[in-house]
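Me: Please display the model under discussion, so that its features may be examined in turn.

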Amino acid sequence: MGLFDSILLPVKCPFCGEIVQSGQTKNLSNTLISYKVGDDTKSPFKSIRVLYVCESKKCRRPYVIAGNVYYRGRWFEIELELEKGRLTDKYKIWAEPRVQE
Ligand SMILES: [Zn+2]
């Protein structure tokens with residue numbers, strides 16, 4: 001299990017249209033920092049990939065382990081542009097829709 005950073009950028013779920021408030025990335029410092037648009041990440045990259053999980057009723061899927069029912073959301077990814085290391089709000093959905101099962 002690795003660490004990640006949080007990106008506080010609301011993105012609309014490509015599956016159901018609900019807004020997901022934040023995502024996670026492993027492309028930055030991986031020290032549990034929360035970044036928002038305009039923050040200087042000090043990253044040399046032009047873009048980063050950010051994972052989002054949608055936990056809406058439509059996207060939650062049940063699964064069973066040892067007779068217990070759990071739920072997990074659907075994942076999607078965005079490619080988020082950086083400008084000289086600063087987070088922008090420009091992105092594209094990177095893998096839509098991606099089948100995980
Ligand atoms: Zn969704």
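Me: What percentage of the 101 residues of the chain count as buried?
Reply: This is a predicted model, in which local features need pLDDT of at least 70, side-chain atom pairs count only at pLDDT 80 or more, and totals for chains, interfaces and linings use all residues. Residues are numbered from 1 along each chain as its sequence is written. A residue is buried if 20 or more other C-beta atoms, placed from the backbone, lie within 10 Å of its own, partly exposed below that, and exposed if 12 or fewer do. Of the 101 residues, the buried share is 21%.

Me: Which strand gives the most residues to the largest nonpolar core?
Reply: A nonpolar core is a set of buried Ala, Val, Leu, Ile, Met, Phe, Trp, Tyr and Cys residues joined through C-beta atoms within 7 Å. The largest one has 16 residues, and V50 and Y52 are among those touching the most other members. Two or more residues come from each of strand 6 (47-54), strand 9 (74-83) and strand 10 (86-93), strands being DSSP E runs of at least two residues, numbered from the N terminus. With four residues, the greatest contributor is strand 6.

Me: Is D40 buried or exposed?
Reply: D40 lies in the loop between strand 5 (34-36) and strand 6. Beyond four places in sequence, D40 touches G85 and R86, contact meaning C-beta atoms, placed from the backbone, within 7 Å. Because 12 other C-beta atoms lie within 10 Å, D40 is exposed.

Definitions and conventions. Contact = placed C-beta atoms within 7 Å.
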